[in-house]
Each structure stands twice: as C-alpha cells, then as structure tokens.
Amino acid sequence: MAVRTIEVRERVMERNDGIARDIRQRLDAAGIVALNLVSSPGSGKTLLLERTLAALDGELRMAVITGDVQTQNDAERLARHTNRLVQAVVTGGACHLDARQIDTGLEAVNLDDTDLLFIENVGNLVCPASWYLGEDAKVVLFSVTEGEDKPLKYPKMFREATYAVINKMDLLPYVPFDVDRAVAFAREVNPHLQFFFTSATTGSGLDAWYDFLRDLAGGPSGARPARTARSAP
Amino acid sequence: MHEMSVAMEICRIVDHKYDRAAGSLVTVGVEIGDDAGLEIGNLEFCLETLLSQPPFGGARPLFDRKPGSVLRVSYLELDDGR
C-alpha cells in the first residue's frame, strides 16, 4: 500500500466567513449597524428587544432577524411592537445561526430603509461564538439568576463580545449574585467589555441602552464599535 | 452542539479536494485549536459517522491539537493501491 499525502490547509470556517464578509460590505454600503445578541436561553434577549422596539420605533429604522431552534414565538412577540420587519429563522435543531441564514434573511430586509439590524441568535453561550455573521459587534447578555461566573465558564463568547448586558437586575434582592464579581470575571476574560445593567421587565437601566443605540445607529460612522480580528476574519 | 455543522463543512472541503482517481481516502488531517470552541470527542464522532458514508469510504479523522483558535483541514492521505 502506498499512501500519498495531499496538502490542503483550508480554514473550515472560510465559506461562512466569506459570506459574512459579503454581508458586512452590503451593510456598510447601506450605513447599517448590526448587533448580534447572544446569551444562554432565558437571559432576556427577546424582552430586551421588545422593549427596544417599543421605545425606539419611529426614531430609528430597525430590523430584526431572530433565530430559534423551533417555533417562531420570538418573532411573533417582537412583531407586536413594530410594523417593521421581524424575520424568523428556524434552525431546525442547529444550535446557532450561520452567515448563510443571515444572507437569506436579509433578502426580505429593505437595506435602504434600515439604520440598525438586530440579530437575535439562538440561546446558547457556546456555539454562536464561533460563527461570524457580518455583525459590527456581539452583545452578550447574562442575567443575575445565572451565576456570576458565566464569563469564566464560557470565555470564548465573552472574548468575542464587545458589549455585555447584565439583565434582570430587579431580581438582585432575591438571588446570591455579586455584580462586582461578575464584572471582574468578565473583565478577566475581556478587559475591553462595556457593560449595561438592565431590567427589561421594570425598564431600569434601559435609558443608557437606548442612548447607546441612538449614538451607534444615528451618529457618525466613527461611533461604530471596532471589530476584532476574531469576529471579522 | 455545532460539531456536526463543522464536521459537515470539513467533509465539504474534503469532497472538493479529494480526487477519486488518485486513490482511496485513508486519513483526513484536521488542525484544531484549544480555543476553537469544539469538543474534540464530539467532532471525532460526527466526522467518523460522515466519513463512513460514500464517497469517503471509512477514512479516519486525525486531529492535531494547536494553541489558539485555528480550525482547518490540513491534509488528506490517499492510498493509491500500488
């Protein structure tokens, strides 16, 4: 038996990343800021987006692509708060969104009539960290009911993120969650993370989030977050 | 988790690079970084399952652990039958 070796040296994610770079170019050309919201299931991504759509609808032109393993429940919840497009992607078992799905989802979005694109990823703190979707930045949510060591348990996601939202702050009196420790753990993984402290239920902390979005989507292009080499291969 | 998606993409690359006329596929070499976000046993299981199907003929995956987040198909080994 004669075994011959053929060198390949091809990045496994190259096809996804190539589609994501094309998406990025189209969004840049249209002046659209895209945020990829990631978290474990139940951290409050959908409620945060519901509040955001209700508060900023008419002020910012927003579109949402929302991914779920099954059902279009999140898209239906979000669509109650806006007449603008909420596009559902049902992954059918896959634990993350990939660039091809975003590319398809964008076919329904009027890019000339959009300032801000939210991508609500599948609830999962592992897999979505590995898939670049053409976003400007990842926003990682975690809630005070989850334990403050989430950043240490899921470091790749927190390294990939530019912003962190600690949500469900209204529940702090009832759970043993140390906010300072959570921030310290997150900064241990990613010293550049910028934080928001919110309760999407009561609305506390959301004004800072809204102001941030206004600056990002309505401000000069210089307000955009710098993309890291990892998230924009 | 997403190991099956990654395994399918690896097989797509292999299928593209694999010249059937050059021999039967024996090994698929994969470089995988410690920070690649993959559980290597899970990926191995997925790859073995996919590579057992035509046109791959039971080739085995061979992993080379690396620092960082690298993830790439590094080489193929073919048996030309001679």
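This report covers the sheets, helix pairs and chain contact of a predicted model.

## Ground rules

Residues are numbered from 1 along each chain as its sequence is written, and chains are lettered from A and ligands numbered from 1 in the order in which they are written. Because the model is predicted, local features need pLDDT of at least 70 and side-chain atom pairs count only at pLDDT 80 or more, while totals for chains, interfaces and linings use all residues.

Helices (H or I, at least four residues) and strands (E, at least two) are DSSP runs, numbered from the N terminus.

## The sheet within chain A

Seven strands of chain A form an open sheet. Their order is S4-S3-S5-S2-S6-S7-S8, and the pairing is parallel. Two strands pair if DSSP finds at least two bridges between them. Strand S4 (86–90) and strand S8 (194–197) of chain A stand at the edges. Each has a single partner strand, so one side of each is left without a neighbour in the sheet.

Neighbouring strands of this sheet are turned by 20° against each other on average, direction ignored. At one edge, strand S7 (residues 163–167) of chain A pairs with S8(A) in the parallel sense over four bridges. There A:Val165 stands opposite A:Phe196.

## Helix pairs in chain A

Two packed helices are described by the angle between their axes and the distance between the axes. Axes are lines fitted to C-alpha atoms, for helices over the stretch in contact, and angles run from 0 to 180 degrees between N-to-C directions.

Helix H1 (residues 14–30) and helix H4 (residues 99–106) of chain A cross at roughly 30°, and their axes come within 8 Å. The crossing is left-handed (the near helix is turned anticlockwise from the far one by less than a right angle; clockwise would be right-handed). H1(A) brings A:Asn16, A:Ile19, A:Ala20 and A:Ile23 to the contact (C-beta atoms, placed from the backbone, within 7 Å). Among the H4(A) residues there are A:Ile102 and A:Leu106.

Helix H2 (residues 45–56) and helix H8 (residues 206–218) of chain A pack at about 65°, with axes 11 Å apart. They are therefore roughly perpendicular (65 to 115 degrees). H2(A) passes H8(A) in a right-handed crossing. A:Arg51, A:Thr52, A:Ala55 and A:Leu56 of H2(A) meet A:Leu206, A:Tyr210 and A:Leu213 of H8(A).

## Where the chains meet

The contact takes 23 residues from chain A and 24 residues from chain B. On the chain A side, strand S1 (residues 3–11) gives the largest share, nine residues.

S1(A) pairs with strand S3 (residues 71–79) of chain B in the antiparallel sense over seven bridges. A:Ile6 stands opposite B:Leu76.

## The shared sheet

Four strands form an open sheet in the order S1(A)-S3(B)-S1(B)-S2(B), with mixed pairing. S1 of chain A and strand S2 (60–66) of chain B stand at the edges, each with a single partner strand, so one side of each is left without a neighbour in the sheet. Helix H1 (residues 3–17) of chain B packs on this sheet, touching S1 of chain A together with S1 and S3 of chain B.

Strand S1 (residues 24–33) of chain B runs antiparallel to S3(B), joined by eight bridges. S1(B) runs parallel to S2(B), joined by seven bridges. From S1(B) the chain crosses through helix H2 (residues 40–51) of chain B to S2(B). This β-α-β crossover is right-handed (with the strands pointing away from the viewer, the path from the first strand over the helix to the second runs clockwise).

Notes
Two residues are in contact if their C-beta atoms, placed from the backbone, lie within 7 Å. Angles under 35 degrees count as roughly parallel, over 145 as roughly antiparallel, 65 to 115 as roughly perpendicular and the rest as oblique.
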